[in-house]
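Please walk through this protein from its overall form down to a handful of single residues. The paragraphs below follow that order.

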Amino acid sequence: MRYLLVLLLLLALPARAQDGFTAALPGLAGNFAAQAEAVERLGALGDPRALPLLQALADGRLQKRPDGTLLIREGEALRDAATGEAASGPAETIRINNRVRGALRGAFGRLQLLSPVEAERLAAAEGLFRSRSAENVTLLEDALGREASPRVRPAMELALAASRLAAPEESAKRQGIILLGGSNSPAARAVLLEARAANAALAEEIDQAVAAIDRRLQLKRMAETAFQGLSLGSILLLAALGLAVTFGVMGVINMAHGEMVMLGAYTTVVVQEALRGIPALAPLSLPLSVPAAFLVTAAIGVALERGLIRHLYGRPLETLLMTFGVGMILQQSVRLIFGAQNREVVSPAWMQGTLILPFGIEVTQNRLWIIFFSLVVLGLTVAAIRFTRFGLEMRAVVQNRRIAATMGIRTGRVDAMTFAFGSGIAGMAGVALSQIDNVSPNLGTGYIIDSFMVVVFGGVGSLAGTMIGAFTLGIVNKMLEPWAGAVLAKIAVLVGIMLFIQRRPKGLFALKGRAAEQ
């Protein structure tokens, strides 16, 4: 007799699940309160048929007949929500309010939490965190025990902590407070502050947890600000590196240096457009743009030095005005050829997206690659100056131009190659800038003043000073921006450099040479 009763109970379980699903359906056709209650019941059942039904309700595709029968609209067709069979007839769309939408988020979370798709489990955990309820604790504990994804587990842990905080037991609330306090999530902080008013006995523990989150968030913000400063410093380094070479060796104030950066960016646009129709080479358009930009801007630099600048050596004011005019001519030429509108360069897949570092620090991959690229360019520049014949002759001209000429060094050729080298580096800076900014004829104008600031601050002709100056100015500027704003931060940096130059006129690392002495 006992075994017969057990068998009858086992046979009754599917029927009870079936009755639970069908019994909840009429509530979806009722008022908003009945809808919310029915949604919560369907979410708690775990019936796989509930997910498409609730999705149709959320999407506005659930309809009802005058007799209360529920229909799901799929395109032009209708099917019965209970049986899945094709249906027809007059029906009106069921409307929902914010309370029902909140119930839907919780139901979706419970139904999708065990999905084999990682993105669905992540969305489910986030939904349960927002709809936090003590009823979700057991479900989340079971799901967390099976979860292996490093992306999903933290979201589930936060959802579990928030659900425990909503439980009636004080011990469960304390567990939730400890778990939430161990995170660095602004959402967890908001949950704790919301729960503080309803849990006066736990106010001190909640305040301690909020303070711990604030400390972590402050450290996270500082780390992200430092990364933004390094990113800005890498851009300044690329823009100023070529200027440090030409200014340090030749003493020429090249106001067209920013236009060399702009030409490098437009070379990237041309290369990408040329390779767009070649599937094998299209993914390599950005790496191929680097040597192309170097060659194009180096050739323009040689033409500029041989055609104009060499006739104005020793006349800094005339050189400044002439290069300023050349920069305006280059800008207008680009406007005539490419138009005045901005041009966008598509970043390759390996430079897109955000990288999550430990402690939740977010860094964009394109800026991370630009930092790496700037250091590579700096290393190649140092190697070219130290370990090549061209670099040896360049250093000789810096130390003493007349003695170098008497030793057989063709100083005019060194000047031309130096100007080409500096212009080529500026072109490579334009390739990097095309990944974080729109390409326009005015692209380089915003960096020319900052480039001169970096060169003067670091020391004329000093590559080490240029690197330290670029990263220092970048970090200081980004550290000041949250307090003073972008404009006042740049003004403060400029005033600081002016005061520094009063004490050290030759910058951080002064070099002995013609440009430094002048």
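Accessible areas, as used here, come from the Shrake-Rupley method with a 1.4 Å probe. On that basis, the accessible surface of the protein comes to about 26500 Å², and 62% of this surface belongs to carbon and sulfur atoms. The model is a predicted one, and every value in this text should be read as computed from it.

Turning to the overall form, the protein has a radius of gyration of 33 Å, whereas a compact globule of 518 residues would have one near 24 Å. Taken along the principal axes, the C-alpha atoms of the protein fill a box of roughly 115 × 55 × 40 Å. Within these bounds the chain forms 21 helices and 7 strands, and 45% of the 518 residues count as buried. When contacts between residues at least 6 apart in sequence are considered, 68% of them join residues at least 24 apart. As for charge, the protein carries 50 positive and 39 negative side chains, and the centres of these two sets lie 11 Å apart.

How are the domains of the protein assigned? The domain assignment gives domain 1 as residues 20-101, domain 2 as residues 115-198 and domain 3 as residues 221-503. Between domain 1 and domain 3, the C-alpha centres are separated by 61 Å.

Four residues can now be followed along the chain, beginning with aspartate 80, which is placed in strand β3, a strand made of residues 77-80. Is aspartate 80 buried or exposed? Aspartate 80 counts as buried because its relative accessibility is 16%, and the cut-off for buried is under 20%. Apart from neighbours within four places in sequence, aspartate 80 is in contact with Thr69, Leu70, Leu71, Glu85 and Ala87. For one of these, threonine 69, which is 11 residues away along the chain, the C-alpha atom is separated from that of aspartate 80 by 7.7 Å.

Serine 234 is found in helix α10, which covers residues 203-250. With a relative accessibility of 0%, serine 234 counts as buried, and, if residues up to four places away in sequence are not counted, serine 234 touches Ile370, Ile371, Ser374 and Phe471. The C-alpha atoms of serine 234 and alanine 203 are 31 residues apart along the chain and are separated by 46 Å.

Glutamine 272 lies in helix α11, residues 257-275, and is buried, since its relative accessible area is 9%. Outside the four places on either side in sequence, glutamine 272 touches Ser285, Glu344, Val345 and Val346. Alanine 282 is 10 residues from glutamine 272 along the chain, and the C-alpha atoms of the two are separated by 7.1 Å.

The last of these residues, leucine 304, is found in helix α12, which covers residues 285-307. What is the relative accessibility of leucine 304? The value is 6%, and therefore leucine 304 counts as buried. Leaving aside neighbours within four places in sequence, leucine 304 is in contact with Asn254, Met260, Ile309, Met322, Val326 and Phe419. A wider view comes from pairing leucine 304 with alanine 77, which is 227 residues away along the chain, for here the C-alpha atoms are separated by 71 Å.

Terms used
Residues are numbered from 1 along each chain as its sequence is written. This is a predicted model: local features need pLDDT of at least 70, side-chain atom pairs count only at pLDDT 80 or more; totals for chains, interfaces and linings use all residues. Side-chain values use heavy atoms; hydrogens and water are left out. Helices (H or I, at least four residues) and strands (E, at least two) are DSSP runs, numbered from the N terminus. The radius of gyration is taken over C-alpha atoms; the globule rule is 2.2 Å times the number of residues to the power 0.38. Buried means under 20% relative accessible area, exposed over 50%, partly exposed in between (1.4 Å probe, protein chains only). Contact means heavy atoms within 4.5 Å. Lys and Arg count as positive and Asp and Glu as negative; His and the chain ends are not counted. The place of a charge is taken as NZ of Lys, CZ of Arg, CG of Asp or CD of Glu. Domain bounds come from an automatic or database domain assignment.
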